[in-house]
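Student: I would like to learn how to read the features of a multi-chain model. Can we take them one at a time?

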There are 4 protein chains.
Amino acid sequence: MVMRKIKIVTIGGGSSYTPELVEGLIKRKNEIDIGELWLVDIQEGKEKLEIVGAMVKRMVKAAGLDWKVNLTVDRREALPGADYVTTQFRVGSLNARIRDERIPLSHGMIGQETNGAGGIFKAFRTIPVILDIIKDMKELCPNAWLVNFTNPSGMVTEAVIKYGKWEKTVGLCNVPIRYEKMSYEVMGLDEANQELYFKFAGLNHFHWHRVWNRKGEEVTKYLIEEIYKPENKGKYVGMKNIKDIPFNYEQIADLGMLPCSYHRYYYITDEMLKDELKEYSNHETRGEQVKKTEAELFELYKDPQLDYKPEQLSKRGGAYYSDVACEVICSIQNDKRVNMVVSTVNNGTIIDLPYDCVVEVSSMITSHGPEPINWGSFEAGIRGPLQLQKSFEQCTVEAAVTGDYGKALQAFTMNPLILKGKITKDLLNEMLIANKAYLPQFQQKIQELEAAKLNF
Amino acid sequence: MVMRKIKIVTIGGGSSYTPELVEGLIKRKNEIDIGELWLVDIQEGKEKLEIVGAMVKRMVKAAGLDWKVNLTVDRREALPGADYVTTQFRVGSLNARIRDERIPLSHGMIGQETNGAGGIFKAFRTIPVILDIIKDMKELCPNAWLVNFTNPSGMVTEAVIKYGKWEKTVGLCNVPIRYEKMSYEVMGLDEANQELYFKFAGLNHFHWHRVWNRKGEEVTKYLIEEIYKPENKGKYVGMKNIKDIPFNYEQIADLGMLPCSYHRYYYITDEMLKDELKEYSNHETRGEQVKKTEAELFELYKDPQLDYKPEQLSKRGGAYYSDVACEVICSIQNDKRVNMVVSTVNNGTIIDLPYDCVVEVSSMITSHGPEPINWGSFEAGIRGPLQLQKSFEQCTVEAAVTGDYGKALQAFTMNPLILKGKITKDLLNEMLIANKAYLPQFQQKIQELEAAKLNF
Amino acid sequence: MVMRKIKIVTIGGGSSYTPELVEGLIKRKNEIDIGELWLVDIQEGKEKLEIVGAMVKRMVKAAGLDWKVNLTVDRREALPGADYVTTQFRVGSLNARIRDERIPLSHGMIGQETNGAGGIFKAFRTIPVILDIIKDMKELCPNAWLVNFTNPSGMVTEAVIKYGKWEKTVGLCNVPIRYEKMSYEVMGLDEANQELYFKFAGLNHFHWHRVWNRKGEEVTKYLIEEIYKPENKGKYVGMKNIKDIPFNYEQIADLGMLPCSYHRYYYITDEMLKDELKEYSNHETRGEQVKKTEAELFELYKDPQLDYKPEQLSKRGGAYYSDVACEVICSIQNDKRVNMVVSTVNNGTIIDLPYDCVVEVSSMITSHGPEPINWGSFEAGIRGPLQLQKSFEQCTVEAAVTGDYGKALQAFTMNPLILKGKITKDLLNEMLIANKAYLPQFQQKIQELEAAKLNF
Amino acid sequence: MVMRKIKIVTIGGGSSYTPELVEGLIKRKNEIDIGELWLVDIQEGKEKLEIVGAMVKRMVKAAGLDWKVNLTVDRREALPGADYVTTQFRVGSLNARIRDERIPLSHGMIGQETNGAGGIFKAFRTIPVILDIIKDMKELCPNAWLVNFTNPSGMVTEAVIKYGKWEKTVGLCNVPIRYEKMSYEVMGLDEANQELYFKFAGLNHFHWHRVWNRKGEEVTKYLIEEIYKPENKGKYVGMKNIKDIPFNYEQIADLGMLPCSYHRYYYITDEMLKDELKEYSNHETRGEQVKKTEAELFELYKDPQLDYKPEQLSKRGGAYYSDVACEVICSIQNDKRVNMVVSTVNNGTIIDLPYDCVVEVSSMITSHGPEPINWGSFEAGIRGPLQLQKSFEQCTVEAAVTGDYGKALQAFTMNPLILKGKITKDLLNEMLIANKAYLPQFQQKIQELEAAKLNF
């Protein structure tokens, strides 16, 4: 197959993740012929960008490739003519994440950087920025694909497609691939041969899956038993960033499908909260841990001898995400029609959810984008919580776009991880004020809140 | 219009409510010509039945009517040829309700006799009994209408229609009429002239409504402001049995529709829980209060001079329910086509919910039953919680019918008032054991649980 | 109830129908207090407008009413501050209708002024005009209700609501009321007492209905047998303007619902076509007959003594339409909540059809407009043809709005009364050219067609 | 991959098609390891079965394979332990097909062996037989896959899944693959490299498709122009068995998708009918032609030297069907996840059609069966006719299963190729009588019809 040289732009290129992404691209050098790779970050991230950029250049060189690696803090310099724009930026840096986690915990609630109050505020900070990026893309690279892994990935993808009207968007996450690997491990089968068939459906960090073997037998029930039966506790490990506290087995068995790690926040909130409160008092919330790991990683990246992804990066969370991201690019570029789990427009794939919303589903990735495998309908035990979650997401995205306070409060009220009552509003207000620097859409309300505070 | 004499059978006839029902029937003596009125109760309730029955006979006599009032503890004696069977029984008596409320509170959760863990167990106790009643009705009065006000009214109605296949069923509740009266009060308009037009939709104890005036203007927004703006606190009173703790105003305003009292359990759970915990420690939970009121009422009912509904009954809760119940019977009997809010089959009235489920919606009550006014779709802020609630109800009803423990645990896990984690299962188990006498469908599981307890 | 004086504007006021409309208004003088009645027509219709206008003034005077009756050929003079705008105009006059019927018949097809090729062209001529009227209404009477009886009523109503964005619109037709009267006749019951309950659903001139009696028994099956069994042929008469040629009884019985007269065009096309071809060769198509009747009517109307609706008008077709139109106005004005069949937005009333399309369904007419009674889903035998018809309507309306030739040809191809093949296109082209004067949206295509013709 | 020996049973094994199927199996000998191949036919077809069977044995031997080829007229002998049952039988033989075509044509209607009156009767004859086969399969080979190519393939597949409750069913047709090949031809691209991506959706013989190239560009519009623009007439050939009479180009262009050959019956009925009437008068209807071809083929098959598929078979129609059939078996057997177009359960793939109906859509063929690629919704121009067609199919299948005459007449009335009126019923009656020997479900009605005929 003849390949043309492609241009990839990575927004948030100064992230500690970047070496993993680049490793993934290098691994696929025979499938995608990269001409230019642009790493973009903001002025405040310039130092990190330069450290990571230098390291990336070393990696590319070590691989014997002639890719032009460019660094910039002006995304408009990078975007012209891009084929793929990948996004992995974090508005407000890890400090914002730490606030997202610690403020809710200070009120006895799980913050959770994607699904709880923290996730709502991550959406509030991120969506205005990504919509600005889309504006630039419309002007500078109107044919590019947007490959988004900025969290909350599902909501950000929905904002981009529904409000930004950028259809060539694929939202990604590394959770599904982690669960595929776990199934192979449990079954003792070889992943390389694709001996299992997976069907995922739901939303980002809120999906379920079924599994079949080569003989056409569904092995979902078997996997539920093996992984979640009380007597098998600890035998298999899910996401590294989420504690493997046991589910209530009979409830999982009743679902008839395999949950993901994030369901722990909803299905066993009590234990998860207790665990996080312990981290909170030890200043070891996930954000705080990642901050430490990142500092270490950047120290490593500074080593002018290092020209490969260091082992320590795997502790960072987000493992396999390069596999997912690079594979999507590869599959679009080469029309590989690989079966992957992505966030994309529903169009009736899950008929329990609105036609025009974004869902996370198994899809065939073609050169014209994801073609979802049809799912149909869920049973009540999954359907209701899923529908609530999507409605919650839609209120969150709408509030993020419009800056409507009532809608933000509605999103808070709908979220199962947030306590309900005056506390809901108090938490929202406190977080609005704490995120003042990153929420242009809520400025008027924040000023009112601050004024009211002074008056007390 | 020529009327034929009709036969009404009231199951749970020994209830303290009965005089209100009979008062409603007497008030409509010109519209429905009653031949026989049968009050049915179980053996354990015989004493109460006799007290109430004697009182009812006095009321009928005082009204100068020749209705034959019959009392029995054998429903099969009462049912033959019935035109209307009304149900208001309580399996396990008020003691069961007290347990439904106190056990969850002992674990820091709202029990709530219709929507929380208490409501789930009320469904578990009631549904097997009502399905037995339906079996008798199929044999003894195959043309009768079932008018159900046994709580949880929506779930019981769904069980009767979906599992009992008894289509001639109307589920009732007195909450909507209370809110209609409140709107008239706020607007300063006359209810008798029907100067407002109401549209309700949702589920029993989980519905929203819109209101229009005679000029065709929607006054919903105005009513939200008048009733729920913080400065108007205390101005208007909702259901007597639910504390008027203020909602978060901006969240209610964002709904764009009027909520019902029961939404307080979901929207301001924190305050409601604190209030109930206080009642719990004072042994003043709703069930305990009602038990006292009932004892007083029965003392009054014993008075051989009393031949009218005593004032005190209005404290009992359930006010206006006779208006609703008697008006439904009247409207069916006379094809009055009155616009009322009832629990009936969805058939697409609310397209966000399953086609074959039971919803509570404004309907025209005809001689062939309720014809719901079309509703369509809800916005995300209402849609998600409503879809969750219906899925929760469907799991609950399925567990009630099948006795499936996993399904019961799923229902518990889906309910927003129940804490999630090991505590979910502990609570379910404790309540199963406490309700052992009333749960034939769960006997095997209860025995296992008891055995496991002994082994500890 | 206190009434305020209202202003009614009738577009197409020079129609021979107008006296019937005015008779209906006079009959309801105690319910609607009219201040002004404006009759609007176009310059070409001025003579007729003056004849009818004079007659209407005599009728109003004879009724002892002080309504101000105004005539104008400038609708912008009439519209300011209107409360109700009724539309009954006919673009291209009866000559256009005659062409609509005769051109298709000349090719061996039923033209049909609402459902066939004729109906498509009536939509093509009417929709641009009504969208212009809406523009004026937005400016001059933004609170008015549009009460449309211009045919094809369903498609015109859909265009007004979907493309004109005028929500305060009710589409009307006299077919349902005709069938209600027929049911009363068959059952030997009194219409005044509303002893039957009707539920209609479908599209304009393409609906089915079910009927119940006071006892709550469905009498639909009985009515199908009585009206359509071969042995009862001729016993009951449907619409005067449609021949009572018998259906295939077993097919109607299988529907399980009562059809309307217009279904003859689809269910027994062969006989209907033969009958129309006879009329065609005798120059007695419906349009030609109506033209004669109209000429006679206008002669009568000229009589300065005539101050009441003459008997002959009933031959005109459209009987009872004043009952429908005036009753809708009355019910909106007084919030009467009457149960009527109107064209209104679906919103899921019939879940087999698009959510945002216009359907013709039984509705409660309130002061804020029609509230449809929920219908749900149809069985396959009705569902398929109904879905086809709505899709056909949507293509027709889109073609009428955009002037897209391919879309017009698609609408022709979808219509069951039009033959398929080269003939489809030939017919479309011939009718486009014949309607040149009334189709601004298709001007370019028509010029191309004319040029191509010259070149042959 | 280790393969186990599989057993294939072909019902209708005496068909002239069989050598093509066997050729396809031989071509895939490295992918599917066949142990036994059973050819089953009925007693009347024994002679043909033996001719074909001998020929098949020669083919297998010539390929150097050790498959056991067995012939039987008792399917219960063949079925035990089967892995795949393929069905290609024809109830009533080609004589029935000739009647299916000629009787409608004698009344001026297209008979059409799958979509018209002929297709309805083919369904009536076939469905009772295939439901009997399913009964045997439940008993004798409960794990087998049913691979159906008996026409009308979509309706037969729906009957098997919905009424026979045999979920392991795949319905096949060779039309989609023919159109894929045509696209490759038009684009000048290589099929082997799968350089185009196809998405088909609709029903058997009633589907549309879109096409993309390797760069991710949709080429559908280009293909429509190339294939259907009047100036390109005759450049490309569709199905051999359907005349390439030109569509109305603007109508096809408006669809925005590529039609299939069978759409000619609906979109250009007039020309198709004229053409068939010519064939009718020359005794050259499709059935009559095929009968001749078959006779010639069987003469060839008798040649004891012939051990390969003769060239003449390609004239027979149904070309490439072996590719489709064998590829499905291969893909199930080896979990190849090939993208193919099959008839399978909708489950919301096309949301315009009922959830539980059978549709023909692009699917990934896995070892647990087809996983359809999600489609979503169609535009009005396709949606309406498609919904009508599915409703028609559902009435036909229901009539075939129940023998309900009203339902059969409804199906006839809904079919666009059948004239409407008394003629509809006359045609139905005549065909019922002509098919008396093959319609056990309609026996009573047929006897009534015959009795009524005698009485005239």
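Tutor: What follows goes from one chain to its interfaces and then to three single residues. Keep in mind that this is a predicted model.

Student: Which secondary structure elements does chain A have, and how many of each?

Tutor: Start with the inventory before any detail. Chain A holds 17 helices and eleven strands. Its radius of gyration is 21 Å, close to the 23 Å from the globule rule for 456 residues, so chain A is as compact as a globular protein of that length. The C-alpha trace spans about 60 × 60 × 40 Å along its principal axes.

Student: What share of the residues in chain A is buried?

Tutor: Of the 456 residues in chain A, 65% are buried. Sequence separation is another thing to look at. Taking contacts in chain A between residues at least 6 apart in sequence, 70% join residues at least 24 apart.

Student: Now the interfaces. How many residues of chain A and of chain B are in contact?

Tutor: An interface can be described by its residue count, its area and its polar pairs. Here 37 residues of chain A contact 38 residues of chain B. The two chains bury about 3000 Å² between them, with 50% of that on carbon and sulfur atoms. Three residues, Glu250(A), Asp254(A) and Gln410(A), account for 18% of the area chain A buries against chain B, more than any other three residues.

Student: How many salt bridges are there between chain A and chain B?

Tutor: There are four. In one between these chains, Asp254(A) pairs with Lys407(B), and the closest N and O atoms are 3.1 Å apart. The polar contacts across the interface of chain A and chain B come to 21 residue pairs.

Student: Which helices of chain A each supply at least two residues of the side that touches chain B?

Tutor: They are H9 (249–255), H10 (263–267), H11 (269–281), H14 (380–402), H15 (405–414) and H16 (422–434) of chain A. H14(A) has the largest share, ten residues. Sorted by class, the side of chain A that touches chain B has 13 nonpolar, 13 polar and eleven charged residues.

Student: How many residues of chain A and of chain D are in contact?

Tutor: The same kind of reading applies. For this pair, 31 residues of chain A contact 31 residues of chain D. About 2400 Å² is buried between chain A and chain D, 52% of it on carbon and sulfur atoms. The rule finds four salt bridges across this interface. Lys199(A) and Glu371(D) meet through their side chains in a salt bridge, at 2.6 Å from N to O. Polar contacts between chain A and chain D number 22 residue pairs.

Student: Which strands of chain A each supply at least two residues of the side that touches chain D?

Tutor: Strands E7 (196–203), E8 (206–213), E10 (358–366) and E11 (369–372) of chain A do. E7(A) gives the most, with three residues. The class count for the side of chain A that touches chain D is nine nonpolar, 15 polar and seven charged residues.

Student: How far apart are the closest C-alpha atoms of chain A and chain C?

Tutor: They lie 12 Å apart, and no contact joins chain A and chain C. Chain B and chain D do not touch either, their nearest C-alpha atoms being 12 Å apart.

Student: Let us turn to single residues. Is His205(C) buried or exposed?

Tutor: His205(C) is buried, because its relative accessible area of 2% is under the 20% cut-off. Location comes next: His205(C) sits in the loop between strands E7 (196–203) and E8 (206–213) of chain C. Beyond residues up to four places away in sequence, His205(C) touches several residues, including Thr114(C), Asn151(C), Cys173(C) and Tyr262(C).

Student: Where does Asn415(C) lie?

Tutor: Asn415(C) is in the loop between helices H15 (405–414) and H16 (422–434) of chain C. Asn415(C) counts as buried at 0% relative accessibility. Its side chain reaches the backbone oxygen of Asn115(C) at 2.6 Å. Leaving aside neighbours within four places in sequence, the contacts of Asn415(C) include Gly116(C), Ile120(C) and Phe392(C).

Student: Which residues does Gly403(D) touch, not counting those up to four places away in sequence?

Tutor: Gly403(D) touches Glu398(D), Gln441(D) and Phe442(D) on that count. Gly403(D) belongs to the loop between helices H14 (380–402) and H15 (405–414) of chain D. With 16% relative accessibility, Gly403(D) counts as buried.

Key: Residues numbered from 1 in each chain as written. Chains lettered and ligands numbered in written order. Predicted model: local features only at pLDDT ≥ 70, side-chain atom pairs only at ≥ 80, totals over all residues. Heavy atoms only, no water. Contact = heavy atoms within 4.5 Å. Buried area = accessible area lost by both parts, 1.4 Å probe. Polar contact = N/O pair within 3.5 Å; in protein donor to acceptor, adjacent residues only side chain to side chain. Helix = DSSP H or I, 4+ residues; strand = E, 2+ residues; numbered from the N terminus. Nonpolar A, V, L, I, M, F, W, Y, C, P; charged D, E, K, R; others polar. Rg over C-alpha atoms; globule rule 2.2 N^0.38 Å. Buried < 20%, exposed > 50% of the residue type's maximum accessible area, 1.4 Å probe, protein only.
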